[in-house]
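User: Could you walk me through this model, one question at a time? I would like the cut-offs along with the answers.

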Amino acid sequence: MRILGARGAAPYALLLLLATTAVAVTGPVAGAAGAPPSEDLITIRVLLRERVSTVSIRPLGAAAPTSIRAHRGALQLGDGSLQPRLVLAAPGPHELDGVPYRGSLEIVAGEGGLAVLNEVDLEAYVAGILLAEVYEGWGSAVLRAQAVATRTYALYRLERARDPLFHVRAGPVDQAYAGVRVESDAAWEAVHATRGEYLAWGGEPILAAYHAASGGRTASSREVWGRSLPYLVSFPVEGEHESPDTYWRAPFTGAEIGAALGSAGWSVGTVTELRVLERSVSGRVNRVRVKGRRGSATLTARQLRTALGPARLRSTLFEIRAQQGRYVFVGSGRGHGVGMSQWGAYAMAVRGAGYREILFHFYPGATVRHLEEALPASLSGASMGGAR
């Protein structure tokens, strides 16, 4: 539901390049129904954890998990031995903190702690996302549309990876990858039915942004990220009324807002005034002015949302009501609002739309291409077969 960008982790990348020792653990392929085909051309490297002090792993076939902790720039295993990195070889699945993941797991030590990466076939990656993003009961059209959007986003990020260690993060910065635990027959049906399909513009994968609910109108990429993309434009969305995010309220005290902004770098103190300065063409807030007992600041609504927490301030489509020292945000929608509205996609499916109709509606002008017909020109050898 949430899109834009991987950030670097240079200390981990440097250590990986210098590492010469690895422990490989192999085992048979798990015989789960819907297991991914072995002929996948593309793998993707997912950053599952970063800068953590301890992780628990259980390789395929192991009777019990093993705790690994960061110790002076290295991994300390359960027997006390030290390693610069540890590799649990594909195909898995192996468990990380009790969660199984297909493919290989790699634990790397760095100055900030441990990083854990999962290198996995593209189609298995898609299967490990679908039910973390949409409801299985929404039906095959929505699941298939989400599968194509998910695959497209992964390809877009793969060819633009900013860090030599990974392509995407697991979580709201990129996609909600949750591994084997969210796989199901319905999820794998959607993956197999759309296998290799991606959305393209000019022959290349698009930035297939998506979000939970638009609040009645999507936002353009320009108004949210300052970059105009012809397939990410603003238009009305019908049928989102069943979404729990159609109408929401988020009350904060002036002290709460001041403390949150202080933690984010704006030391204004307890807030005494908060007002909207500017809105975008889709009605979302662009900029706000904050006055407090120790100072004032002008910031973007995205900065304010990050500081107050996206779980409470669900979108930037809101009004602010001052009520006796409290500030009540009254809004609609969840997420950045760009691209496909998942609740809007569900509404279209209820009205009988197929998955391609949904995709062409939310990404106007994009076409569907297939990896087996022609790989995107940008996915050359360096991006194939798990290359970093």
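Analyst: Happy to! A polar contact is a pair of N or O atoms within 3.5 Å; within protein, one must be able to donate a hydrogen and the other to accept it, and residues adjacent in sequence count only if both atoms are side-chain atoms. This is a predicted model, where local features need pLDDT of at least 70, side-chain atom pairs count only at pLDDT 80 or more, and totals for chains, interfaces and linings use all residues. Residues are numbered from 1 along each chain as its sequence is written, and side-chain values use heavy atoms, with hydrogens and water left out.

User: Which side chain joins that of S234 in a polar contact of 2.9 Å?

Analyst: S234 is found in the loop between α6 (221-225) and β16 (248-253); helices (H or I, at least four residues) and strands (E, at least two) are DSSP runs, numbered from the N terminus. The side chain of S234 also reaches the backbone oxygen of T218, at 2.7 Å. The side chain that shares the 2.9 Å polar contact with S234 is that of R217.

User: Is S234 buried or exposed, and what is its relative accessible area?

Analyst: Buried means under 20% relative accessible area, exposed over 50%, and partly exposed in between (1.4 Å probe, protein chains only). Contact means heavy atoms within 4.5 Å, and leaving aside neighbours within four places in sequence, S234 is in contact with residues including A219, E223 and S282. S234 is buried, and its relative accessible area is 19%.

User: How many residues apart in sequence are the parts that E106 and R45 tie together?

Analyst: The side chains of E106 and R45 meet in a salt bridge at 3.2 Å, N to O; a salt bridge is a side-chain nitrogen of Lys or Arg within 4 Å of a carboxyl oxygen of Asp or Glu. E106 counts as buried at 5% relative accessibility, and R45 is buried at 2%. E106 lies in strand β10 and R45 in strand β2 (residues 43-52), so the parts they tie together are separated in sequence by 61 residues.

User: And which strand holds R49, the salt-bridge partner of D97?

Analyst: The side chains of D97 and R49 meet at 3.2 Å, N to O. D97 is partly exposed, with a relative accessible area of 36%, and R49 is partly exposed too, at 24%. D97 lies in the loop between β8 (94-96) and β9, whereas R49 lies in strand β2.

User: Which residue in β10 stands opposite L86?

Analyst: In a regular strand the side chains alternate between the two faces of the sheet. From strand β7 (residues 85-88), R85 and V87 point one way and L86 and L88 the other way, and all are buried. Strand β7 runs antiparallel to strand β10 (residues 104-110), joined by 4 bridges. The residue opposite L86 is I107.

User: Why is one side of β14 left without a neighbour in its sheet?

Analyst: The open sheet of 3 strands has the order β14-β13-β23, with antiparallel pairing; two strands pair if DSSP finds at least two bridges between them. Strand β13 (residues 197-201) and β14 pair over 2 bridges. β14 (204-205) stands at an edge, so one side is left free because β14 has a single partner strand.

User: Which strands are at the edges of the sheet of 6 strands?

Analyst: That open sheet has the order β6-β5-β4-β3-β8-β9, with antiparallel pairing. Each edge strand pairs on one side only, and the two are β6 (82-83) and β9 (99-101).
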